[in-house]
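Work through the exercises below with the chain open in your viewer. Try each task before reading its solution.

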Amino acid sequence: MQDGNVASVSSSHFEESSMLCAPQLTVLWRQMTQEACSCHDPLVRGLLATGVRSHSSFASALAALIGRKLGDRSVAADALSELVKESFDAEPDLVCAAAADLLAIRERDPACPDFVTPFLFFKGYHAVQTYRVARWLWLSERRHLALHLQSRASELFGVDIHPAAQLGRRILFDHGTGIVVGETSIIEDDVSILQNVTLGGTGKHCGDRHPKVRRGVLIGAGAKVLGNIEIGEGAKIGAGSIVLEPVPPFTTVVGNPARKVGVRHKGMPALNMDQTLPPIDYII
C-alpha cells in the first residue's frame, strides 16, 4: 500500500464547526479510496473493497466497519451498522470527530503509513469511535444499548471506555490494549494515551471520581492516573507512573508515586509523542 499524497489532508484543515466539515471529509474520503486502489495484493483486495471502495462516503464506511466488528448473535452486524448511521444522521459532529481522530493518528504515529491502515486495522481508533456512538446512546437514554457497545468494545479491542466519560477530538489511543477510562473521566482535545493506561477511581465512592486530562497531555504506557485529579494542559506522564495528585500544566511526572522532574516544558507533548524525560534530579 503506497503512502499517497498525505500533504493534501491534515488536521489543520478541519474546522471545529460541523457545518464546515463536509468539504474536508470529501477530500479525506477521496484520499482513502485512492490508497485502497493502490494495493494490488490479491488477498487484501476483497478486504479493501468491503472496508472502503464499496462505500460512497467516510460515514458509510465507518458505520459498516463498526457494525461488522461489533455485531454478534445478540445484535446483528447489519442492525448495528444501521444504528451507527442513525447516530451519524442525528449528530453529524460524530463523523467530524472520527475524521479528526484519524488525521491525528496519521500525523503522530510513525507506524501509520496512510489513512486506510488505521481506519481498518487500529483497534485504538475503533474503540474510540465505538465509544462516540455509545455516548450518543447514553445521552439519548438508551443506556443498556450503550453499555452493550462498551462491553463488546472491551471484549474485542481490549479497551474499556465508559459511555458517560467525555472525550474530545484528535484523540490517539496508541496500540490501545488495556486502556481503561472511567465513568466521570474527561479527556480534552489533542491527547495521546499509550497502552495499559488506567484513568480510574480510588475506591467505591460514587460521584465525580475520575481524572480530568487537559489538552495536549501525553500519558505513557502502563501509567495509572487515579482519582478526581487534574492533569494540566501539556503535561507528560512517564511510562509506568502511578499518579495520585494533580499535575501542573507543562510538567513532567514519573515514578511511583509520581513526582515532578526537570523544569516546565513548552508545547504539547501529545502532538510530537516525545516520551523522553528531562534530566532527573533525584536518585532512589
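The exercises that follow use a predicted model.

**Exercise 1. The annotated span**

Task: Find the UniProt feature at residues 28-130 and state what share of the span is helix and what share is strand.

Solution:
- Start with the record. The unreviewed UniProt entry labels residues 28-130 "domain: Serine acetyltransferase N-terminal".
- Next, take the secondary structure. The span is 77% helix and 0% strand.
- Then check its ends. The end C-alpha atoms of residues 28-130 lie 20 Å apart.

**Exercise 2. Two domains and their interface**

Task: Give the bounds of domain 1 and domain 2, then describe how they meet.

Solution:
- Set the bounds. The domain assignment puts domain 1 at 18-157 and domain 2 at 164-283.
- Place them in space. Taken over C-alpha atoms, the centres of domain 1 and domain 2 are separated by 26 Å.
- Count the contacts. Domain 1 brings 17 residues into contact with 21 residues of domain 2.
- Size the interface. The two domains bury about 1,500 Å² between them. Carbon and sulfur atoms account for 51% of that area.
- Count the polar contacts. Between domain 1 and domain 2, 13 residue pairs are in polar contact.
- Find the helices involved. H5 (93-108) and H7 (123-139) each supply at least two residues of the side of domain 1 that touches domain 2. H5 gives the most, with eight residues.
- Sort that side by class. It has nine nonpolar, one polar and seven charged residues.

**Exercise 3. Salt bridges**

Task: How many salt bridges does the whole structure hold, and how many cross the interface of domain 1 and domain 2?

Solution:
- Recall the principle. Side chains of opposite charge can pair when their charged atoms come close.
- Search the whole structure. The total is 17 salt bridges.
- Restrict the search to the interface of domain 1 and domain 2. Two salt bridges are found there.
- Inspect Asp93 and Arg169. Their side chains form a salt bridge, with N to O at 2.6 Å.
- Now inspect Glu82 and Lys85. Their closest N and O atoms are 3.5 Å apart, in a salt bridge.
- Explain the spacing. Glu82 and Lys85 are separated by about one helical turn because they are three residues apart in helix H4 (residues 77-90).

**Exercise 4. Backbone details in two loops**

Task: Which residues does the cis peptide bond with omega about -5° join, and where is His175 found?

Solution:
- Check omega. The cis peptide bond joins Asn256 and Pro257.
- Locate Pro257. This residue is in the loop between strand S14 (252-254) and strand S15 (259-261).
- Turn to phi. His175 has a positive phi, near 70°, and is a residue other than glycine.
- Locate His175. The loop between strand S3 (172-173) and strand S4 (180-181) holds this residue.

Key. Residues are numbered from 1 along each chain as its sequence is written. This is a predicted model: local features need pLDDT of at least 70, side-chain atom pairs count only at pLDDT 80 or more; totals for chains, interfaces and linings use all residues. Side-chain values use heavy atoms; hydrogens and water are left out. UniProt positions are given in the numbering used here, feature names are shortened, and annotations may be inferred rather than shown by experiment. Helices (H or I, at least four residues) and strands (E, at least two) are DSSP runs, numbered from the N terminus. Domain bounds come from an automatic or database domain assignment. Contact means heavy atoms within 4.5 Å. Buried area is the accessible area (1.4 Å probe) that two parts lose on being put together, summed over both. A salt bridge is a side-chain nitrogen of Lys or Arg within 4 Å of a carboxyl oxygen of Asp or Glu. A polar contact is a pair of N or O atoms within 3.5 Å; within protein, one must be able to donate a hydrogen and the other to accept it, and residues adjacent in sequence count only if both atoms are side-chain atoms. Ala, Val, Leu, Ile, Met, Phe, Trp, Tyr, Cys and Pro count as nonpolar, Asp, Glu, Lys and Arg as charged, and the others, Gly among them, as polar.
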